[in-house]
Amino acid sequence: MERFLLYSLERQRPIRLIFQRDGRIWQRKVQVLALNENTVMTGEDLIPKVVIDVPMPVDYITEELTDQLSLLEPFGKGNTKPIFAQKGLRVLSSRILGKNRNVAKLQLSDSTGCVVEAVYFGEADEFVDRIKNCGSIAVTYYPEINRYQGRETLQIVIRNYITE
């Protein structure tokens, strides 16, 4: 285990780095770079970007599609779940679930009238407050089969959203 302690942090001046490794204390002089002066980042570079795999209407979601997507498992850091997007979804109903009120269950409808179940994990109270009075929402999602009490239903899991 290593512990670090930095002294005299001044721009472009060497600092003394003291760390402990293998029970012994080591010291090194380290040159600190003035990164803030040399960077060309703008405010736009600091805005988080949402990346999707493909825009896909929710009426394309079938049990067969979710089965095919499950062949891509296991998902993890090097193999992320495919993320889809849909704009113009109307919120038909919403309710909050969970002891900690951190799950929102929704019914959404697209412009063709296709109704889909959706679930959102996170700050459910804030989410429901934001979407209840808006005309429509745009979401990024992945489809899945909800297996609960012996029933199987298609649903989307909302990853990101924006009110329109």
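Analyst: Strands in this predicted model are DSSP runs of E, at least two residues long, numbered from the N terminus. On that basis, Ser-109 lies in strand β6.

User: Why does Ser-109 count as buried?

Analyst: Buried means under 20% relative accessible area. Ser-109 has 3% relative accessibility, so Ser-109 counts as buried. Beyond four places in sequence, Ser-109 touches Gly-88, Leu-89, Arg-90, Leu-92, Cys-114 and Val-115.

User: What makes Lys-105 a buried residue with no salt bridge?

Analyst: Lys-105 also lies in strand β6. The nearest side chain of opposite charge is Glu-117, 4.1 Å away. A salt bridge needs a side-chain nitrogen of Lys or Arg within 4 Å of a carboxyl oxygen of Asp or Glu. At 4.1 Å the pair misses that cut-off, so Lys-105 has no salt bridge.

User: Which side chain does join Lys-105 in a polar contact?

Analyst: Gln-155, at 2.8 Å. The cut-off for a polar contact is 3.5 Å between N or O atoms, so this pair qualifies on distance. Glu-117 and Gln-155 both appear among the residues in contact with Lys-105, leaving aside neighbours within four places in sequence.

User: Where does Gln-155 sit relative to Glu-117 and Glu-144?

Analyst: Gln-155 is in β9, and Glu-117 stands opposite Gln-155. Glu-144 also stands opposite Gln-155.

User: How do you know that β9 pairs with β7 and β8?

Analyst: Two strands pair if DSSP finds at least two bridges between them. β7 and β9 have four, in the parallel sense, so they pair. β8 and β9 have 12 and run antiparallel, so they pair too. β8 and β9 form a hairpin with two residues between them. In its turn, Gln-149 has a positive phi of about 50°.

User: What makes the pair Arg-101 and Asp-125 a salt bridge?

Analyst: Their closest N and O atoms are 2.8 Å apart. The limit is 4 Å, so the pair qualifies. Arg-101 lies in the loop between β5 and β6 and Asp-125 in helix α3, so the pair ties together parts that are 24 residues apart in sequence.

User: Are Arg-101 and Asp-125 buried or partly exposed, and why?

Analyst: Partly exposed means between 20% and 50% relative accessible area. Arg-101 has 42%, so Arg-101 counts as partly exposed. Asp-125 has 33%, so Asp-125 does as well.

User: How many salt bridges does the structure hold, and which others are there?

Analyst: The structure holds four. Arg-130 and Glu-126 meet in one, at 3.2 Å from N to O. Both lie in helix α3, four residues apart, about one turn of the helix. Asp-129 forms another with Lys-132, the closest N and O atoms being 3.5 Å apart. Each of these distances is within 4 Å, so each pair counts.

User: Why is Lys-132 called exposed and Asp-129 partly exposed?

Analyst: Exposed means over 50%. Lys-132 has 53% relative accessibility, so Lys-132 counts as exposed. Asp-129 has 47%, so Asp-129 is partly exposed.

User: Which residues have the most contacts inside the largest nonpolar core, and which element gives the most to it?

Analyst: The core has 22 residues, and those with the most contacts inside it are Leu-108, Phe-127, Tyr-141, Ile-156 and Ile-158. Helix α3 gives the most, with four residues. Apart from this core lies another, of five residues, including Val-103 and Val-157.

Key. Residues are numbered from 1 along each chain as its sequence is written. This is a predicted model: local features need pLDDT of at least 70, side-chain atom pairs count only at pLDDT 80 or more; totals for chains, interfaces and linings use all residues. Side-chain values use heavy atoms; hydrogens and water are left out. A nonpolar core is a set of buried Ala, Val, Leu, Ile, Met, Phe, Trp, Tyr and Cys residues joined through side-chain atoms within 4.5 Å. Buried means under 20% relative accessible area, exposed over 50%, partly exposed in between (1.4 Å probe, protein chains only). Lys and Arg count as positive and Asp and Glu as negative; His and the chain ends are not counted. A polar contact is a pair of N or O atoms within 3.5 Å; within protein, one must be able to donate a hydrogen and the other to accept it, and residues adjacent in sequence count only if both atoms are side-chain atoms. Contact means heavy atoms within 4.5 Å.
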